[in-house]
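Q: Please explain, through questions and answers, how the terms used for this structure are justified.

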4 protein chains.
Amino acid sequence: MYVLAINFKTYKTSYGSRALSIAKEADSVAREYSGLVRVILLPPATEILRIANAVSHSSVFAQHVDPVEEGAYTGHVTVEMVKEAGATGVMINHSERRLRLDEISFILGKARKLGLETLVCADTPEVAAAISVLSPYMLAIEPPELIGTGIPVSKAKPEVVTGTVARVRELNKEVTILTGAGITTGDDVTAAIKLGTMGVLVASAIMKAQEPGKVIKEMSESILKALE
Amino acid sequence: MYVLAINFKTYKTSYGSRALSIAKEADSVAREYSGLVRVILLPPATEILRIANAVSHSSVFAQHVDPVEEGAYTGHVTVEMVKEAGATGVMINHSERRLRLDEISFILGKARKLGLETLVCADTPEVAAAISVLSPYMLAIEPPELIGTGIPVSKAKPEVVTGTVARVRELNKEVTILTGAGITTGDDVTAAIKLGTMGVLVASAIMKAQEPGKVIKEMSESILKALE
Amino acid sequence: MYVLAINFKTYKTSYGSRALSIAKEADSVAREYSGLVRVILLPPATEILRIANAVSHSSVFAQHVDPVEEGAYTGHVTVEMVKEAGATGVMINHSERRLRLDEISFILGKARKLGLETLVCADTPEVAAAISVLSPYMLAIEPPELIGTGIPVSKAKPEVVTGTVARVRELNKEVTILTGAGITTGDDVTAAIKLGTMGVLVASAIMKAQEPGKVIKEMSESILKALE
Amino acid sequence: MYVLAINFKTYKTSYGSRALSIAKEADSVAREYSGLVRVILLPPATEILRIANAVSHSSVFAQHVDPVEEGAYTGHVTVEMVKEAGATGVMINHSERRLRLDEISFILGKARKLGLETLVCADTPEVAAAISVLSPYMLAIEPPELIGTGIPVSKAKPEVVTGTVARVRELNKEVTILTGAGITTGDDVTAAIKLGTMGVLVASAIMKAQEPGKVIKEMSESILKALE
């Protein structure tokens, strides 16, 4: 199934009632496109519980978890905690929260053991290839220089996307590959699918939109269009 | 008012129903000792909302916040978010989550602006003195080598506590000074008060106790005893 | 004595023969203004030995040291090592290499014990005040947003400089205060002195100059002019 | 050719005259076993110049480099700088100086462009496999829990070594694989070779030895013995 992953980040709209409202709108779209488009919501740690309780057709993933076991780790967020709060997956290694390679490996192992899905971000085809060896469930290619620009990687650097698909597929046949960075319009989503990826990772285009629900719907429709 | 601050850390008891149960037991004690002992609960980020909603006689502080403004900071926890979730204060710079000096200054400024209380940890009298210049609301002296040992700083290194009080008071008359690290029994609490601090920061002695409520009660009584 | 501290950073001119040539030119100026202007050279770690051996009228400081004791710390640069290579001081906490407060305290203690001078950078008057409590030998106020801009803090934000002098002097009568960030011309140096600081910390204006020696000379002259 | 890589770390013997003396002793052995054993010396950043100038039969690698281009990066050590000082290679991602995956990829690309060899450390076969996709020149498998213990990985966890060789060879036929962690005696070296790796990465067994030269010689002989 094709994926629309919404990274809430840490905007004014990322928490509290505005975040809840975006989550519910996304969940409506998820219900409408059920079986066709999988919607993944990535709220901040403090909002996982509230949003996980409020949605029923979308998945909830953490934006990040810390690479520690349970114990004396003041101020850390563990895999166990986000699972307890209702997340069924974790994203890690976003360009705004990069991890060391040993930490990525540790978290992937732990999430697997606890039954959570994993989504790992990569900045280049080469890094994506290395990550794919660690067998995450999903992988997003996001050239950091395009994040938040409104310039979609699928247009500005399509070769990064196709290069990622090519290199990763040599090493890992199963990982779901997403396109991130600069995805703004439905056309960008369509382009991402046509370049061979299974969906998109979007943030500002939805979180900073006047009508987030409308953008979510448009992007979901574009996934279907790309498949026609 | 004297302070009993409970750092939930990231133990098995730190989240979900066990954390909620400890929070409720602490809140009972807080009600009982209302006006005499101030109980501060420091749950992990994912549990702030649930615990803040469940208690009414205790304060809820975050264990840590990240030094960023609102914006594109995937995987970060901002001051705004923990406030929205129900925290009325933030702890920072715990030895398990140290911050850079410019970050401490940034977070203190931001928390002040948003009306949140602040509690900053320090490992030595000298560092405590430097922090006191930044005017936090509370300050905890915790020699990291004693954290989690069950050996209270008030016994093992009383001069660290008295030295902190002396050095900080030259620079800052108002900051509330707490004693942390190794506080295990009511006697340790009494000692901390007698050394001139206004309370304690406790973690494992409560979070890993067979009967956390009993320990919380004992420690609260010890605060009162110290004052007799 | 007034100070002209030259941060070599990591430019193309910061190592090898170009760095050596700048160091020698600076040393000539240091000889000329001996007793009036103190020149401090801050080469990268790999160049300390070569430059310390080549100069005789200037001091050599490390740009940074790691907060570790001797031992199993692969890839770290210790206070002992830079001393062995010929440095007589260490700069720490530059905005491009910030440290945690406990690390600053650790390094200051260690440098003191080993007989090295210390220079700690601060981004705001408040942070400078906190650092001054730790008793460094020198302190540089550098608003990071002006570093490398060519806009001198002494013109753009004179209140940051005067505020730093005021706040630090309440807490520490002895620390030498320098002005950094955006210092480009001799006039900027004069302004820094007139605002009450004892010299400047300069990088790009010298390291990227067509004729570094000329700029060093001009800045030294400006120190003297400011004193007339 | 089989490799004996000596990580100087940051011991009392790692800099100054003691480091130089160990380097010269190693270089003698390198001359003696020329064409059979390749000796790689990894001094700290401040000592690269002195040691590179003093040896002629050994290679000199940096223990670490920072993931930055040339520019305004105070306190960083760049690939260009260690090359200028005389290193012909860089080690990165040692367990005492781990890097993010994107940083490893960045440094490998830069070192390749500048003509330097690369040696990347890994803690598990899985991480080693991921790194091998980034095409380093050499790779060392070092379970961090054995580093400095005197318990050789080749005895305590031979399956980590053989597992690494097996997993890496599926992905990368060319990378030279070394065994690290706990290598203390000639027998440990022999075991490492017999498990299918091309040499060893050693630190404390040489740097803390009464007679470092003797250990270096014994380890070199053991490489040859393993090949008989």
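**Terms and their grounds**

Q: What makes β6 and β7 of chain B a pair?
A: Strand β6 (residues 138-141) and strand β7 (residues 176-180) of chain B share four bridges in the parallel sense. Two strands pair if DSSP finds at least two bridges between them, so the two strands count as paired. Opposite Leu178(B) in β7(B) stands Ala140(B).

This is a predicted model, in which local features need pLDDT of at least 70 and side-chain atom pairs count only at pLDDT 80 or more, while totals for chains, interfaces and linings use all residues. Residues are numbered from 1 along each chain as its sequence is written, and chains are lettered from A and ligands numbered from 1 in the order in which they are written.

Q: Why is α4 of chain B called a helix?
A: Helices are DSSP runs of H or I with at least four residues, and strands are runs of E with at least two, numbered from the N terminus. Helix α4 of chain B covers residues 101-113, so the run meets that definition. Helix α4 packs on the sheet, touching β4 (89-92) and β5 (117-122) of chain B.

Q: How do you know that chain A and chain C do not touch?
A: Contact requires C-beta atoms, placed from the backbone, to lie within 7 Å. No such contact joins chain A and chain C, and their nearest C-alpha atoms are 16 Å apart.

Q: What makes up the side of chain C that touches chain D?
A: The residues there divide into 15 nonpolar, 14 polar and eight charged. Ala, Val, Leu, Ile, Met, Phe, Trp, Tyr, Cys and Pro count as nonpolar, Asp, Glu, Lys and Arg as charged, and the others, Gly among them, as polar.

Terms used:
Contact = placed C-beta atoms within 7 Å. Axes fitted to C-alpha atoms, helices over the stretch in contact; angles between N-to-C directions.
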